[in-house]
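Me: I'd like to go through this one and ask what stands behind each label. Can you show me the structure?

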Amino acid sequence: MSTIVYLPGIAGNAGLSPALQQLADEGARIVIPDIPGFNGASGFTPPADYLDWLAVFWDVIDASGVLADGSVALIGASVGGMIAAEIAALRPEIVSKLVLLAPFGIADASNPGFDLYAVRTPERMAHLFAKGVPEQIANRFAHYGPEEEPVAVYLADIAAASLLWPLGDRGLNKRLHRIGCPKLVLWGGQDELLPPSLIDAWGGGTVIDGAGHLLEWDTPDEVASAVRSFLA
Amino acid sequence: MKMMWFHFMPYPALPDDFNKKHRSVWVDIDPALFDRDILAESYDTYIDQLVYAEECGFDAICINEHHNNGYGMMPSPNLIAAVLANRTSKAAITVLGNSVALYNPPVRVAEEFAMIDLFSRGRLIAGFPVGTSMDTCYSYGVNPSQLRPKYYEGIDLIRKAWTSTEPFAYNGEFNKHRYVNPVPRPFQKPHPPIWIPGGGSIETWDFCAENDYVYGALTYYGHKFVRETVGGYWNRVEAHGKDYNPNRLAVTQFVGVADTDAEAYKLYKEPAEYFFNRSLHVYPGFTDPPGYVTEASVRARYKSAVRAAARAKQAAHDLTWDEMVENGYVVIGSPDTVREQLEAAAKDLNVGNLCAILHFGNMSNELVRYNTKLFGEKVAPDLKPMFGEWDHHWWPSGADTTSPEVSA
């Protein structure tokens with residue numbers, strides 16, 4: 001199995017999701033690039049320009065050394081899925097296989113889904129999951145300490161929101177044809193943010209019942225199974 | 001001290017059960033609530049009230065910009081300002097202001113403000129608010145993390161557009177122009193005074209102090225609540241080595257004057273309750289878009305118990321009239337009572353520009369005029385001499401209200 005690069009979703013970098021942890025336990029090498037903002041670190045200012053933002057992801061991935069042995073399998077969730085799709089479309093030579101877990105990037109104005117940014121910060125996480133907020137997510141920035149933890153949460157929210165505001169549409173439908181590598185698209189059947197019907201705009205895929213927007217946390221067995229088969 | 005008459009232009013006929021049946025007065029308010037005849041008549045009445053304020057001796061009349069809003073019907077304050085420029089002759093026309101990041105390109109603001117300044121022969125105060133999250137991020141879809149950079153760049157572009165003596169190119173992050181050359185330039189030279197309305201962000205305090213702009217502490221909650229904000233601002237003024245000229249600061253305050261304290265308590269209860277418990281019925285989810293405030297401000301936010309308490313109170317919709325009065329949200333009473341309270345507050349805050357809100361909620365036109373006349377005749381004259389020892393470097397050169405002529 002190729003090295004896997006995982007771009008986490010709208011909650012920021014909470015480490016390996018349970019689904020990916022299963023693959024890691026089986027021996028897969030999974031790298032999570034340390035993307036500014038998504039790690040909650042102080043001093044973050046998002047690039048104003050979308051291309052500049054993409055370049056941040058590219059630069060961090062390049063600098064990580066993960067491409068030393070050639071292309072990688074790229075897994076992106078939510079906002080990370082949007083970026084993963086962009087990378088596969090614009091730098092196809094570095095992506096061997098692409099897994100998209102409920103990616104942003106294409107919106108349906110007639111059914112825009114729940115507006116996560118029209119609730120206050122502490123209430124947001126509950127809307128990402130069908131089975132409750134996992135402890136690992138709730139405590140994802142606890143290592144910053146009690147005073148700085150809420151600031152880290154806010155900064156991670158800024159990072160994601162700066163890429164998604166206001167509809168999460170970056171016109172990816174115009175670049176999808178550039179994705180030449182094998183692609184797996186999975187979607188949570190109870191995704192509040194992005195209606196599962198959007199999966200058709202991505203060329204189809206599998207809707208997993210019982211999962212919310214961050215499906216790799218809600219239904220780890222189903223996601224791990226599908227990804228394992230796809231990457232084998 | 002400058003006496004300024006501030007109008008929000010609220011829609012005056014939200015139903016009694018508005019709070020129960022609707023989640024927000026702002027952003028996604030039900031358009032079916034608005035009656036076109038009430039809207040049209042309200043504009044006429046409100047403009048007349050602003051004109052009347054000049055007749056009553058107010059130094060300035062003030063308007064602002066809101067979008068998708070049931071308590072502020074001025075998505076384009078410049079349209080109102082154009083009318084006021086034509087119908088008044090002495091008062092400063094204070095537009096607080098144009099939310100620069102919403103205009104593409106901001107050169108449009110330079111052009112329209114220049115026109116208003118010319119219409120009024122140099123009476124414009126040019127306000128540049130960042131804009132509330134409800135107006136900018138939700139109603140106009142501006143990416144919250146880009147709002148402030150766009151705003152700062154927009155002001156920079158506008159200032160250059162106003163003061164350049166020849167066409168120029170501008171290569172900003174958000175604005176790229178080969179030819180900036182607005183016709184007309186403003187009446188006032190080098191440009192109208194710039195005031196920055198704000199809600200308490202640290203970066204706005206620094207921006208004002210660094211650039212010698214007036215800071216407008218726009219609050220709904222009166223002089224007691226705003227002490228923390230004003231204190232923070234003056235600290236930054238001091239840190240930047242600037243003087244304590246009170247004219248660097250403007251503060252909003254709801255005021256209700258009557259012949260007696262008891263009469264004021266009776267007269268202003270309903271319109272105040274309408275405003276605080278209906279017009280401010282804002283869905284909290286529209287107040288916290290990620291990136292709207294900077295890291296420094298969000299860190300400070302968690303330490304501000306005063307603000308947290310006020311927000312909690314507002315969210316609960318349980319403000320009573322006595323609380324509004326006791327906490328200074330509304331200063332009411334006889335002319336003597338109001339004058340004493342405002343004088344003490346002005347000294348406490350060191351504020352040289354009082355933006356008095358004498359129309360609020362669903363107040364009748366008769367009561368607005370009564371309030372305005374009493375204030376103009378029996379409150380303002382004793383307050384105007386305050387801080388007279390300081391020069392006002394931020395007042396429009398064409399404004400003059402030295403000889404009020406009050407009609408009935």
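Reply: What follows is a run of questions and replies on a predicted model.

Me: Good. Why is Arg185(B) called buried?

Reply: Arg185(B) has a relative accessible area of 18%, and the label applies under 20%, so Arg185(B) counts as buried. Its place is in the loop between β6 (176-180) and β7 (194-198) of chain B.

Me: What makes the link between the side chains of Arg185(B) and Ser164(B) a polar contact?

Reply: The distance is 2.9 Å, and the cut-off for a pair of N or O atoms is 3.5 Å, so the pair qualifies. The side chain of Arg185(B) also reaches the backbone oxygen of Ala161(B), at 3.1 Å.

Me: And which residues does Arg185(B) contact, leaving aside its neighbours within four places in sequence?

Reply: Arg185(B) is in contact with Ala114(B), Leu118(B), Ala161(B), Trp162(B), Ser164(B), Thr165(B) and Glu166(B). There's a link across the sequence too: the C-alpha atoms of Arg185(B) and Ala110(B) are 75 residues apart along the chain and separated by 7.8 Å.

Me: Ala110(B) sits in α4(B). How do you know that the span of helix α4 of chain B agrees with what it should be?

Reply: Helix α4 (residues 107-119) of chain B has 13 residues, which at 1.5 Å a residue should span 18 Å. Its end C-alpha atoms are 18 Å apart, so the two agree. Among the buried residues of α4(B) are Val107(B), Ala110(B), Phe113(B) and Ala114(B). What they pack against is α3, β3 (92-95), β4 (124-127), α6 (144-163) and β6 of chain B. Just after α4(B), Arg121(B) takes a positive phi of about 55°.

Me: How does helix α2 of chain B do on span?

Reply: Helix α2 (residues 36-55) of chain B reaches 29 Å from its first C-alpha to its last, with 20 residues, and that's close to the 28 Å expected at 1.5 Å a residue. At its start, a side-chain oxygen of Asp35(B) reaches to within 2.9 Å of the backbone nitrogen of Asp37(B). After α2(B) comes Gly57(B), with a positive phi near 95°. Buried residues in α2(B) include Tyr46(B), Ile47(B), Leu50(B) and Glu54(B), and their cover includes β1 (2-6), β2 (60-63), α3 (77-87) and α16 (365-383) of chain B.

Me: Why is Asp288(B) called buried?

Reply: Its relative accessible area is 3%, and buried means under 20%, so the label fits Asp288(B). You'll find Asp288(B) in the loop between α11 (269-279) and α12 (295-301) of chain B. A polar contact of 2.7 Å joins its side chain to that of Thr121(A). Asp288(B) is also in contact with other residues of both chains, including Arg120(A), Arg124(A), Tyr154(A), Ser133(B), Tyr138(B) and Arg301(B).

Me: Ser139(B) is at 19% relative accessibility. What makes it buried?

Reply: The cut-off is under 20%, so at 19% Ser139(B) counts as buried. Ser139(B) lies in helix α5 of chain B. Its side chain makes a polar contact with the side chain of Asn68(B) at 3.3 Å, and the backbone oxygen of Met134(B) lies 2.8 Å from a polar atom of the Ser139(B) side chain.

Me: Where does helix α5 (residues 133-139) of chain B come into the second largest pocket?

Reply: In the lining: that helix gives the most to it, with three residues. About 450 Å³ of space lies in the pocket. Of its 27 lining residues, the closest to the centre are Pro112(A), Phe114(A), Asp115(A), Pro166(A) and Leu167(A).

Me: Over to chain A, then. Why is Trp202(A) called buried?

Reply: Trp202(A) has a relative accessible area of 1%, set against a cut-off of under 20%, so Trp202(A) is buried. Trp202(A) is found in the loop between β5 (183-188) and β6 (206-208) of chain A. Among its contacts are Leu100(A), Phe104(A), Leu176(A) and Trp187(A).

Me: Last one: which residues touch the most other members of the largest nonpolar core?

Reply: Phe128(B), Phe276(B) and Phe375(B) do, out of 226 residues. Helix α5 (residues 149-164) of chain A gives the most to this core, with nine residues. Residues that Phe375(B) touches include Met3(B), Phe58(B), Val255(B), Leu342(B) and Pro381(B).

Conventions
Residues are numbered from 1 along each chain as its sequence is written. Chains are lettered from A and ligands numbered from 1 in the order in which they are written. This is a predicted model: local features need pLDDT of at least 70, side-chain atom pairs count only at pLDDT 80 or more; totals for chains, interfaces and linings use all residues. Side-chain values use heavy atoms; hydrogens and water are left out. A nonpolar core is a set of buried Ala, Val, Leu, Ile, Met, Phe, Trp, Tyr and Cys residues joined through side-chain atoms within 4.5 Å. Buried means under 20% relative accessible area, exposed over 50%, partly exposed in between (1.4 Å probe, protein chains only). Helices (H or I, at least four residues) and strands (E, at least two) are DSSP runs, numbered from the N terminus. Contact means heavy atoms within 4.5 Å. The expected span of a helix is 1.5 Å times one less than its number of residues. A polar contact is a pair of N or O atoms within 3.5 Å; within protein, one must be able to donate a hydrogen and the other to accept it, and residues adjacent in sequence count only if both atoms are side-chain atoms. On a 1 Å grid over the protein atoms alone, a cavity is a set of points where a 1.4 Å probe fits but cannot get out, and a pocket is an open set with protein on both sides within 12 Å along at least five of seven lines; lining residues have an atom within 4 Å of a point. Grid points are joined across faces, edges and corners, and a volume is the space filled by probe spheres set on the points.
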